Amino acid sequence: MDYPTRRRHGSRRRSWCCTFNVPPSSPENPYLSQQYRNNNRNCKTKLGPQKSDSLSKFTTSNSVPNSPQSSKSGLTLVGRIDPRRILSPGRVSPIDHTDSFEEYHHSSRATPSAAVADSIARSRSRSFRAKIESSDTNWGLDPSRVEGGRGVAYDVRLNLKGKNGGVLALELNSGVLGSNSEVFAGLIAGSLGKKMCRIEVPEVENLGVFRETIELMFEEDITKRLVKIGVYRAIDILEVSASIKFSRGVLSCLKYLEAVPWTEEEEEKLRSLFTRFKFDDATNRDILARLYSQQSTDTHQNLARHLVSSITTCSDTNARNELKSLVKGLLCKSSVYEKEQPDVNKEDFYAVCQSCVSVLVNLFEEASDAIPHERMAKKEMGKPLIERISRQVDNINWLLEILLDRQMAEEFVDQWAHQENLLKMHERASPMVRYELSRVSAILFIAMGTRKLHCRSEARSALLQAWFGPMLLDFGWLQRCRKGLDVKALEEALGQTLLTLPLKQQYVLFMEWFQCFSKHGTECPNLGKAFQIWWRRSFLRGSETYAIESR
């Protein structure tokens, strides 16, 4: 063909450049032009009979034809390029496109053009048609037979209206819907004789969950589908199935939920669901046994005492520290498990505390050689005495933290203030041992100075008169061997605790501190700030005192 002839034939073609008109017919898109001219006349989404067994493959796709996203969606889009042909610019495929396109167009009529998405925010109204189970494998290829040929049709239109304003329309078969749901079976029976049964469900909490529940009616193995959905979504489906009396779905959800572990959020969701619905099944009893304990309050209290006692007698340091952290998190009021938790028996805790204090007294008697040789032979001699004393002090402080958290430590202040044996042995014991006793006093002083421990004036006075002097002597060792103690917080809290006493008692204790601090310096706590407040309160009067303290 000569050049003028090729130019004359080429002039008949319409250009793709710089135009927004109807795209010309070409081997790439013979059907796209025709569909574009129809101006999208049919906007209703219909899901016809499928060869697939699951409706979950029908998802909304925003990808273009032949893109990786569209190829994974399971949907065949109208106007898709023949997969056998990848055309380059200016090339013509030798394959006859007419036959392949007609074959493709015929098969595309049996596939959905779009799917119903879980989110209704993109569209105020959607609809789809569910598949119809049939033994005739060829029946699903001809949509006209679904509507009339066999008399099997989508004769139920289920309109779902969500609480957020969304609308979802489902076209279903009355036989499938009625055989799976007692609620819908009764509504369908009341509309016999009508060509189309219309059912409306208002105030739907979650349209996507309701649609998934309806889809499960067409599944042979519901549990396999629930494994893909997950526990949280399965609980929502269980709620919808129970509300529409979809017994097969309820039983499958219960069996699945009983066999898998739950998170705390899922457990609370299940607990709330079981308070609103009653299920009659052995699986239901197994789930209830996981949700609710049948043990009484006495059993819980005895268990708590047993755990605490076991920890205080544990010999392995690492295991003891791990268990202390675990049990403290369970018993403290600030714990996430505090809900529905019965009160801890205070007498049991104080019994364990007294046991630890008694062991501590025996250890200090051993340290001061006050124990006869016969009794020392029965003691635990496998570990150093300092380590055993430190372990008992750690146990007392750990129990004291739990009592402080539950606001039950007032009685311990009285007990610790009247430990005459320990006070006497403190004077004779080595500084590297006796400072362990001041660690217990430090916890009490910090709690009172920070307003976490409230006790009577007599109890505060007795505690300070007994343990203020030992604290001044042991403060240097507390700075060097802190073991988690905040020394700055101790200095501040100790001064604040002194200021809660009557002024005459403050005078005696502050003079004792002043003499000790002038001799030992930083080996004593720095109570200078509290000393200034005491001085102003004692020797300045009237408005001048108020003006100084208000600065």
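Guide: Let's start with one yardstick: a residue counts as buried under 20% relative accessible area, as exposed over 50%, and as partly exposed in between. Take lysine 346: its relative accessibility is 27%, so it counts as partly exposed. Keep in mind that this is a predicted model.

Visitor: Predicted, fine. What is the mean pLDDT of the protein chain?

Guide: pLDDT is the predictor's own confidence in each residue, from 0 to 100. Here the chain averages 75, with 66% of the residues at 70 or more. Go carefully with residues 1-22, where pLDDT is below 50 and the model shows 11 contacts beyond near neighbours in sequence. Residues 131-151 are also below 50, with 38 such contacts in the model.

Visitor: Got it. How many helices and strands are there in the protein chain?

Guide: You'll find 26 helices and 4 strands. The chain has 551 residues, and 43% of them count as buried. Its accessible surface is about 31800 Å², with 51% of that belonging to carbon and sulfur atoms. As for how the chain meets itself, look at contacts between residues at least 6 apart in sequence: 67% of these join residues at least 24 apart.

Visitor: Show me a helix on the inside. How many residues of helix H8 are buried?

Guide: Count the buried residues along the helix, then see what that says about its surroundings. In H8, residues 207-216, 10 of the 10 are buried, so the helix is largely enclosed by the rest of the structure. Charged residues are on that buried list too, including Arg211, Glu212 and Glu215.

Visitor: And which residue caps the N-terminal end of H8?

Guide: That's asparagine 206, with a side-chain oxygen 3.0 Å from the backbone nitrogen of glycine 208.

Visitor: Now those charged side chains. Which residues are linked with Arg211 in a network of salt bridges?

Guide: For a salt bridge, look for a Lys or Arg side-chain nitrogen within 4 Å of an Asp or Glu carboxyl oxygen. That rule gives 22 salt bridges. The network you're after links Arg211 with Glu215, Glu219 and Arg225. Within it, glutamate 219 and arginine 225 pair up, with their closest N and O atoms 3.3 Å apart. Glutamate 219 has a relative accessible area of 10%, so it is buried. Arginine 225 is buried as well, at 9%.

Visitor: Back to lysine 346. Which side chain does it meet in a salt bridge?

Guide: Its partner is glutamate 411, at 3.3 Å from N to O. This pair ties distant parts of the chain together: glutamate 411 sits in H19 (residues 410-417), lysine 346 in H16 (residues 346-367), and they are 65 residues apart. Glutamate 411 is partly exposed, at 39%.

Visitor: What about a pair inside one helix: how far apart are the closest N and O atoms of glutamate 436 and arginine 439?

Guide: They come to 2.5 Å. Both residues belong to helix H21 (residues 431-449), and because they are 3 residues apart, about one helical turn separates them. Glutamate 436 is buried at 1% relative accessibility, and arginine 439 is buried at 6%.

Visitor: Let's try helix H12. Which backbone oxygen does the side chain of arginine 271 reach?

Guide: With a buried polar side chain, it pays to check what its N and O atoms reach. Arginine 271 lies in H12, residues 264-276, and is buried at 15%. Its side chain reaches the backbone oxygen of leucine 291 at 2.8 Å. Beyond its sequence neighbours within four places, arginine 271 is in contact with Leu291 and Tyr292.

Visitor: And phenylalanine 274: is it buried or exposed?

Guide: Phenylalanine 274, also in H12, has 5% relative accessibility, so it counts as buried. Its contacts beyond four places in sequence include Leu254, Phe279, Ile287 and Leu291. Leu288 is another of those contacts; the C-alpha atoms of phenylalanine 274 and leucine 288 are 8.3 Å apart, with their positions 14 residues apart along the chain.

Visitor: Last one, out on the surface. Which residues form a nonpolar patch there?

Guide: Leu323, Leu326 and Leu330 do, and together they have about 240 Å² of accessible area. Leucine 323 is in helix H15, residues 317-331. At 37% relative accessibility, leucine 323 is partly exposed.

Methods:
Residues are numbered from 1 along each chain as its sequence is written. This is a predicted model: local features need pLDDT of at least 70, side-chain atom pairs count only at pLDDT 80 or more; totals for chains, interfaces and linings use all residues. Side-chain values use heavy atoms; hydrogens and water are left out. Patches are made of residues with over 30% relative accessible area and no salt bridge: like charges are joined within 9 Å, nonpolar side chains (Val, Leu, Ile, Met, Phe, Trp, Tyr) within 5 Å. Accessible areas come from the Shrake-Rupley method with a 1.4 Å probe; for residues, only the protein chains shown count as cover. Helices (H or I, at least four residues) and strands (E, at least two) are DSSP runs, numbered from the N terminus. Buried means under 20% relative accessible area, exposed over 50%, partly exposed in between (1.4 Å probe, protein chains only). A polar contact is a pair of N or O atoms within 3.5 Å; within protein, one must be able to donate a hydrogen and the other to accept it, and residues adjacent in sequence count only if both atoms are side-chain atoms. Contact means heavy atoms within 4.5 Å.
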